[in-house]
Amino acid sequence: MEKETVEILELIAIRVPPSDRWKLVDDNTQIIHKSLTDALEAWFEKNQTKAEFRLAPLDSKLYVIRNEEKEIQPEPVKRFNIYGDPM
């Protein structure tokens, strides 16, 4: 069976105007970090995992990219009767 890699984006931070201040979404303390790098460092310390990120600057959001492999189910073989009609 073939496998397909699917990217799943998980929202981790939102920019807090003005300037480049960020707040982690799942942080109960609601600390506002002074820069994007401070927010990333806080996320790394909390989760202790390596990851890749995607920044959506127009939406003011920061996402972590999770990769998931899914199996592709093959299409069933089409069968026909002797008259050419599908079964």
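Of the 87 residues in the protein chain, 20% count as buried, a value that, like the others here, comes from a predicted model. The chain exposes about 7200 Å², and carbon and sulfur atoms supply 52% of that area. Among contacts between residues at least 6 apart in sequence, 43% join residues that are at least 24 apart.

The protein chain contains one helix and five strands, and when read along the sequence these elements follow the pattern β-β-β-α-β-β. The radius of gyration of the protein chain is 22 Å, well over the 12 Å that the globule rule gives for 87 residues, and the chain is therefore more spread out than a compact globule. Taken along the principal axes, the box filled by the C-alpha atoms is roughly 75 × 30 × 20 Å. As for charge, the chain carries 13 positive and 17 negative charges, whose mean positions are 4 Å apart.

**Pairing of strand 1**

Strand 1, which covers residues 2-16, pairs in the antiparallel sense with strand 5, residues 61-72, over twelve bridges. Strand 1 also runs antiparallel to strand 2, residues 21-24, to which it is joined by four bridges. The residue I14 illustrates both pairings, since its partner in strand 5 is K61, while its bridge partner in strand 2 is K23. The table sets the two pairings side by side.

| Partner of strand 1 | Sense | Bridges | Residue opposite I14 |
|---|---|---|---|
| Strand 5 (residues 61-72) | antiparallel | twelve | K61 |
| Strand 2 (residues 21-24) | antiparallel | four | K23 |

Strands 1 and 2 together form a hairpin with four residues between them, and within that turn S19 has a positive phi of about 65°.

**The loop before strand 5**

S60 lies in the loop that connects strand 4, residues 52-56, to strand 5. With a relative accessibility of 15%, S60 counts as buried, because the limit for that class is under 20% relative accessible area. When residues up to four places away in sequence are left aside, S60 touches A13, I14, R15 and W22. One of these contacts, I14, is the residue that stands opposite K61 in strand 5 and that has K23 as its bridge partner in strand 2. Another of the residues that S60 touches is W22, a position that falls within strand 2, residues 21-24, whereas A13, I14 and R15 fall within strand 1, residues 2-16.

Terms used
Residues are numbered from 1 along each chain as its sequence is written. This is a predicted model: local features need pLDDT of at least 70, side-chain atom pairs count only at pLDDT 80 or more; totals for chains, interfaces and linings use all residues. Side-chain values use heavy atoms; hydrogens and water are left out. Two strands pair if DSSP finds at least two bridges between them. Helices (H or I, at least four residues) and strands (E, at least two) are DSSP runs, numbered from the N terminus. The radius of gyration is taken over C-alpha atoms; the globule rule is 2.2 Å times the number of residues to the power 0.38. Buried means under 20% relative accessible area, exposed over 50%, partly exposed in between (1.4 Å probe, protein chains only). Contact means heavy atoms within 4.5 Å. Accessible areas come from the Shrake-Rupley method with a 1.4 Å probe; for residues, only the protein chains shown count as cover. Lys and Arg count as positive and Asp and Glu as negative; His and the chain ends are not counted. The place of a charge is taken as NZ of Lys, CZ of Arg, CG of Asp or CD of Glu.
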